[in-house]
Amino acid sequence: MGISADSTVGGTIVTAARRRRRLPAALTWLAVTPFAAWAVTRVAGLERGSLPTQLMTATPYAAAGSLIPLLMAALGRRRAATAVALVATAALGASVLPRALGTADATPGRPLRVLTLNMLFGRADPDAVMDLVHRLDPDVLSTQELTPGAVEELDALGLKTLMPHRVLQAEWSATGSGLFSKHPLVAMPELAPTVGHHMPAARIALPGGAAIEFVDVHPYPPLGPQAVEWSEALGRLPSASKDVVRVLAGDFNASLDHAPMRGVLSRGYKDAADQVGAGLVPTWPANKRVPPIITIDHVLVDHRVGVREVSVHTVPGTDHRAVFAELAVP
């Protein structure tokens, strides 16, 4: 027997509404809390000790990763967790994104080309180094982990002719460093920190009567108890001067997310790569199975100096990439 469509037999069919499943609140907070703590540490400069200091170099990756707990909290309709995650992402993003955007203005002045390279115990391929010198035509070459053997090899390939002026403190270890220049220079040991590897400093006479003061920077890496000396060395770098343009270039073993490095910047400097939107280009480690992941090699200049170009170059034989900056000195 059938039932017609307009039959009064039957009733209303009620389907139970499905409840949207949410992630447990504890799991959401477990995801949000580490990024919130990272943001507080980064903004307030609270990293202390070797491990937290090393982890701070990964802040650009933490900024990107903070979007995941933000999405988890928002989709789970956890209002408090969403608010905390949003603030953390905003704080980390504000710390990192300007480096990729650039803020440089066109500044007139005399061109000054700077090239800096950590040579890894002098193992950097001398032919590749000289190729960079020929192509980029730097006025100043700042080297770290420079050995006497590396000096001999570079000079044999023509560096002595191209950059005859130098202040060298070459050693058969990571301690060696050296400044090579096209222009006359005078050593200024009083500018160099006495903590860390050799950091030669010099006053360089530029054509036309101008001069700059230059420090080849290479503090110890913040490993174990050396973290204290690393911070101390950065703190002893000279402040920018109103009387003369100063340039600090080298392997800082620090990123712009480290409080001591931001302390250097607060004393009158700006990061050249940051100015042209290249501040997130990694410089270490190079020539490894993993690609470069952190940015610890820098060229810092005072605020009167214009930045026209910054480029990063891989050199065989060393675990650091070379940083080249074309500046405009007023």
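Biologist: Why is Arg304 called partly exposed?
Modeller: In this predicted model, Arg304 has a relative accessibility of 36%, and since a residue counts as buried under 20% and as exposed over 50%, a value in between makes Arg304 partly exposed.

Biologist: How do you know that Asp302 is buried rather than partly exposed?
Modeller: The relative accessible area of Asp302 is 2%, and because buried means under 20%, Asp302 is to be called buried.

Biologist: What makes the pair of Arg304 and Asp302 a salt bridge?
Modeller: The N to O distance between the two side chains is 2.6 Å, and because a salt bridge asks for a side-chain nitrogen of Lys or Arg within 4 Å of a carboxyl oxygen of Asp or Glu, the pair of Arg304 and Asp302 qualifies. Side chains of opposite charge can pair when their charged atoms come close.

Biologist: How many salt bridges does a search of the whole structure find?
Modeller: The search gives 10 salt bridges, and one of them joins the side chains of Asp257 and Arg99, with 2.5 Å from N to O. This pair links distant parts of the chain, for Asp257 sits in the loop between strand E8 (245-251) and H11, whereas Arg99 belongs to helix H6 (residues 98-101), 158 residues apart. Asp257 and Arg99 are both buried, and they are linked with Arg42 in a network of salt bridges.

Biologist: What makes Arg236 and Glu232 a salt bridge, and where do the two residues lie?
Modeller: Their side chains meet at 2.4 Å, N to O, and because the limit is 4 Å, the pair of Arg236 and Glu232 counts as a salt bridge. Both residues lie in helix H10, where they are four residues apart, about one turn of the helix. An α-helix has 3.6 residues a turn, so residues three or four places apart point the same way.

Biologist: Are Arg236 and Glu232 buried or partly exposed?
Modeller: Arg236 has a relative accessible area of 40% and Glu232 one of 30%; because the class in between runs from the 20% limit to the 50% limit, Arg236 is partly exposed, and so is Glu232.

Biologist: Which residues of H10 are buried, and how do you know that they share a side of the helix?
Modeller: In helix H10 (residues 226-236) the buried residues are Ala227, Trp230, Ala233 and Leu234. They cover an arc of only 125° around the axis, so they lie on the same side of H10. Their cover includes helix H2 (50-55) and helix H11 (259-265).

Biologist: Why is Ser177 called buried?
Modeller: Ser177, which is placed in strand E4 (residues 177-181), has a relative accessible area of 0%, and because buried means under 20%, Ser177 falls in that class. Residues up to four places away in sequence aside, Ser177 touches a list of residues that includes Thr143, Leu168, Pro200, Asp216 and His218.

Biologist: What makes the approach of Ser177 to His198 a polar contact?
Modeller: The side chain of Ser177 reaches the backbone oxygen of His198 at 2.8 Å, and because the limit for such a pair of N or O atoms is 3.5 Å, the distance satisfies the criterion.

Biologist: How do you know that Ser181 is buried, and what does its side chain reach?
Modeller: Ser181 is also found in strand E4, and its relative accessible area of 0% is under 20%, so Ser181 is buried. A polar atom of the Ser181 side chain lies 2.8 Å from the backbone oxygen of His183. Not counting residues up to four places away in sequence, Ser181 touches Asp139, Met163, Pro164, His165 and Ile204.

Biologist: What covers the buried residues of H8?
Modeller: Gly149, Ala150, Val151 and Leu154 are the buried residues of H8, and their cover includes helix H7 (126-136), H9, strand E3 (165-169) and E4. Just after H8, Gly158 takes a positive phi of about 115°.

Biologist: Why does Leu157 count as partly exposed?
Modeller: Leu157, in the loop between helix H8 (148-156) and helix H9 (159-162), has 37% relative accessibility, and because this value lies between the limits of 20% and 50%, Leu157 is partly exposed. Neighbours within four places in sequence aside, Leu157 is in contact with Pro126, Asp127 and Met130.

How values were computed
Residues numbered from 1 in each chain as written. Predicted model: local features only at pLDDT ≥ 70, side-chain atom pairs only at ≥ 80, totals over all residues. Heavy atoms only, no water. Buried < 20%, exposed > 50% of the residue type's maximum accessible area, 1.4 Å probe, protein only. Polar contact = N/O pair within 3.5 Å; in protein donor to acceptor, adjacent residues only side chain to side chain. Contact = heavy atoms within 4.5 Å. Arc of directions from axis to C-beta.
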